Amino acid sequence: MSGRARVRARGIARSPSAVEVGRAQASPSSTSVDLSDNGTSSSSGCMGTSKISQKNKDDISSGDVGCTFMGRDGRIRRELVDLGACTREKLAHVRDCKTGSSGIPVKLVTNLFNLDLPQDWQLYQYHVTYIPDLESRRLRIALLYSHSELFNKAKAFDGAILFLSQKLEEKVTELSSGTQRGETVKITITLMKELPSSSPVCIQVFNIIFKKILKKLSMYQIGRNYYNPSEPVEIPQHKLSLWPGFSISVSQFESRLLFSGDVSYKVLRNETVLEFMTGLYQKTGLPSFTQACERKLLGLIVLTRYNNKTYRIDDIDWSVRPTHTFQKRDGTEITYVDYYQQQYEITLSDLNQPMLVSLLKSKRNDNTEARIAHLIPELCFLTGLTSQAASDFQLMKALAEVTHLSPLGRQQRLARLADDIQRNKDARFELENWGLRFGCQLSLTGRVVPLEKILMRDQVCQPVSAADWSKDVQTCKILSAPSLSRWLIVCSNRAENVNESFLNCLRRVGSSMGFDVDYPKILKVQENPAAFLRAIQQHVDPDVQLVMCILSSNQKSYYDSIKKYLSSDCPVPSQCVLTRTLNKQGMMMSVATKIAMQMTCKLGGELWAVEIPLKSLMVVGIDVCKDALNKEMTVVGFVASINPRITRWYSRCILRRTTTDVADCLKVFMIGALNKWYRYNHGLPARIIVYRDGVGDGQLKTLIEYEVPQLLSSVAESSSKTSSKLSVIVVRKKCMPRFFTEMNHTLQNPPLGTVVDSEATRPDWYDFYLISQVAHQGTVNPTYYNVIYDDNGLKPDHMQRLTFKLCHLYYNWSGLIRIPAPCQYAHKLTFLVAQSIHKEPSLELANSLFYL
């Protein structure tokens, strides 16, 4: 073994008993609660007697404050941390009402279902101790569940914390059990909390209940979602299988508990790891085979279809073969060949294949060392798509035809799920045992806000389609564009004919839009990255405004070396174009128009605007992602508008290691943006609205406690007089709720500009959903906005309208996008740095959108 897996597993493989054949998932659920079937929990040979104690009559907490509902890895569940952030109560202007009123009402169907509970329903949390202490979690559960006090009660127990839907007679209950070895174990059950149904801990228990119900419907958990392997969709021409399934969630919405479900598909390749390794061997040959295997396979997720479990490949053990033996749990030795024959009636065909190594996480909250599982490549199927497959147009088209369900198709799948839950006897019993009743699908009323007019240099354009106004503005001049007089084109010798026709088109479309383009200096080089880079280094001087590289291949090394040099080492705006893009028949004018717009932005130009009623407003977009080369590094992107029209931008990006470092650099970025605003406008903005993207589950508290104070501090330090008012909005592109509108006796996607700010929102948050894109295939995804800090005090109508307006200002697409433009700019910037540059771009490029 080598690399990370050897370090983590060191010392484990010395003990044969520590090596297991794949039985458990590589990524077990992090919840601390396991729901056991009530009728099968008792263990044979366990004798139980009980004694009720009336000691410890202390007061019982009626809430979940201070409750440490831990995951199996010892950490509080991330979703629970978010639910504990009650931000709305601090925002006086929306404390009583956070809904808007403008726009045209529209009736919407959702993917949310009512969950009904008795009015006085509570969850009772108990702490369970054992004397003497028992290491085995299974034994703890078996001993506890053998007692009559818990018979016919809905219960959830993880070995330490017990949840019941019915209260025991006394606060402290003492029980006694005997083990098969004749030992007597004293069990003490102490009531700790009485939790209302809206408690985050209750929400987590409800989610676990429904995960158990999906298992009763013969679905298998892979990651967070559940899939049905008995109904696969085959795509034989691409050797793919799709397992249909669902992502589910239970949560407290405005006034009720709701179950949300959405359709999901798991992509499986009909290719085993052994087949993949064989193909790789034929391509690479023996000398570099092992290194190529490890480079391609480590970190991938595989599925073993004999038990429908997923594992992560952490290493490859080239020294172990299927004919080697391992020690079973009962201490007996068996070869891998015999084990699979006896256990699954599978005969292995290749006895010389190496073993895949997966590190299994401990299911307990302790420091138990990770176990390793040996997996047979012949029995492991690859999941997901390679980057090469994801760029295959025909493959992605075939996938989309299955996975991009229409609103009606999605609704039919959800209705079938709801029907299955209600018809299944075991599922219905589980719900009734906990006092839950699965209700009807939720319908609500949204609003459609007015569409925007596009402001060009000399006219106002009302697009025929708000989703795409590229044709509407073809005859309009853009707001402003500098002349391009000194620039370079670097290309291969074979691209000469393409260059001439492309240049003519570029100059023609540039002239029509008000962008003057002179003839460039053309450099012809050999087709390799070193030749391109050498030509750029020799001919770029301080007077060069832009470098265009026409590449014959989309090989990443070409693009990365050019972008890294021209973004950091020698800061000059650059434009990379593929030769095949310029060779598209009948597309030259369209391609030239797109490239001309990108070049204009990279030179600091402005394309269009929308009306912004708020004067002296700065908008900011923040996004973060992991660096592709070093996953420990976080790339932070910050993009801020620097003029009242919101058409000019200041962009910064940096790499940091910790959350605190991220907050610290945001302060530096904000001060830089405010200084830039002051230089152009001779004063500071009256209002600043920050849109924070890239926020994962459980990070809301971090934003509130670290990032918001740093942003406030930077605003306060920038002026000794009245400081700018600040609002911070978290943007989530992935959210569970979906919305459909009924039209002509069928379901369709809601119209552009649809806002939902009631019933499907959270009671403790100032939040809303906005649909600002068109789905030409499938179902549209709403974008979720959560205002976590707001000094500006804008009315909900105004905040929603402003957010919709900002979705019109992304210059890389002549149409609406699903998130505000500053967020999308920040995303593009972080993606470029994380994938290609891997270092901070030069400050000399901060005033242009050089990353488009």
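Contact here means that heavy atoms lie within 4.5 Å of each other. The exercises below apply to a predicted model.

**Exercise 1. Where does Asn114 lie, and which residues does Asn114 touch, not counting residues up to four places away in sequence?**

Step 1: Asn114 belongs to strand E3, which covers residues 104–116. Step 2: since buried means under 20% relative accessible area, Asn114, at 10% relative accessibility, counts as buried. Step 3: setting aside residues up to four places away in sequence, the residues that Asn114 touches are Arg256, Leu257 and Leu258, together with Arg437, Phe438, Gly439 and Cys440. Step 4: with Leu258 the separation is 144 residues in sequence, yet the C-alpha atoms of Asn114 and Leu258 are 4.8 Å apart in space.

**Exercise 2. What percentage of the contacts in the protein chain between residues at least 6 apart in sequence join residues at least 24 apart?**

Step 1: the chain holds 852 residues, of which buried residues make up 54%, and its secondary structure comes to 20 helices and 38 strands. Step 2: of the contacts between residues at least 6 apart in sequence, 73% join residues at least 24 apart. Step 3: turning to the surface, the chain exposes about 37,900 Å², and carbon and sulfur atoms supply 48% of that area.

**Exercise 3. How many disulfides does the count come to, and how far is Cys491 from the nearest cysteine sulfur?**

Step 1: a disulfide requires a pair of cysteine sulfur atoms within 2.5 Å, and by this rule the count comes to 0 disulfides. Step 2: Cys491 is in no disulfide, and the nearest cysteine sulfur, which belongs to Cys549, is 9.4 Å away. Step 3: Cys491 has 0% relative accessibility and therefore counts as buried. Step 4: Cys202, also with a relative accessible area of 0%, is likewise buried.

**Exercise 4. At what angle do helix H14 and helix H20 pack, and which residues make the contact?**

Step 1: two packed helices are described by the angle between their axes and by the distance between those axes. Step 2: helix H14 (residues 556–569) and helix H20 (residues 821–837) pack at an angle of about 115 degrees, and their axes are 9 Å apart. Step 3: the crossing in which H14 passes H20 is left-handed. Step 4: H14 contributes Lys556, Tyr559, Asp560, Lys563, Lys564, Ser567 and Ser568 to the contact, while H20 contributes Leu832, Gln835, Ser836 and Ile837. Step 5: sorted by class, the contact of H14 with H20 has 3 nonpolar, 4 polar and 4 charged residues.

**Exercise 5. Is Phe850 buried or exposed, and with which residues is Phe850 in contact, leaving aside its neighbours within four places in sequence?**

Step 1: Phe850 is placed in the segment after H20. Step 2: with a relative accessible area of 3%, Phe850 is buried. Step 3: leaving aside neighbours within four places in sequence, Phe850 is in contact with Lys563, Ser567, Lys602, Leu829, Leu832, Pro841 and Leu845. Step 4: Lys563 and Ser567 of H14, and Leu832 of H20, also take part in the contact between these helices. Step 5: Phe850 and Leu546 are 304 residues apart in sequence, with their C-alpha atoms 10.0 Å apart in space.

**Exercise 6. Where do Asn207 and Leu703 lie, and which residues does each touch beyond four places away in sequence?**

Step 1: Asn207 sits in helix H4 (residues 200–216), where 13% relative accessibility makes Asn207 count as buried. Step 2: beyond four places away in sequence, Asn207 touches Ile248, Ser249 and Val250. Step 3: Leu703 lies in helix H18 (residues 700–717) and, at 3% relative accessibility, counts as buried. Step 4: beyond four places away in sequence, Leu703 touches Arg692, Val695, Val708, Pro709, Val730 and Ile788. Step 5: Arg692 is 11 residues from Leu703 along the chain, and their C-alpha atoms are separated by 9.2 Å.

**Exercise 7. Which peptide bond is cis, with omega near -5 degrees, and where does Glu345 lie?**

Step 1: most residues other than glycine have a negative phi, and most peptide bonds are trans. Step 2: the bond from Ile131 to Pro132 is cis, with omega near -5 degrees, and Pro132 lies in the loop between strand E4 (122–131) and helix H3 (137–145). Step 3: Glu345, although not a glycine, has a positive phi of about 55 degrees. Step 4: Glu345 is located in the loop between helix H7 (336–344) and strand E19 (355–360), and Glu345 is exposed, with a relative accessible area of 68%. Step 5: His838, in the segment after H20, has a positive phi near 60 degrees and is a residue other than glycine.

How values were computed:
Residues numbered from 1 in each chain as written. Predicted model: local features only at pLDDT ≥ 70, side-chain atom pairs only at ≥ 80, totals over all residues. Heavy atoms only, no water. Helix = DSSP H or I, 4+ residues; strand = E, 2+ residues; numbered from the N terminus. Buried < 20%, exposed > 50% of the residue type's maximum accessible area, 1.4 Å probe, protein only. Areas by Shrake-Rupley, 256 points an atom, 1.4 Å probe, with all protein chains shown as cover. Axes fitted to C-alpha atoms, helices over the stretch in contact; angles between N-to-C directions. Left-handed = near helix turned anticlockwise from the far one by under 90°. Nonpolar A, V, L, I, M, F, W, Y, C, P; charged D, E, K, R; others polar.
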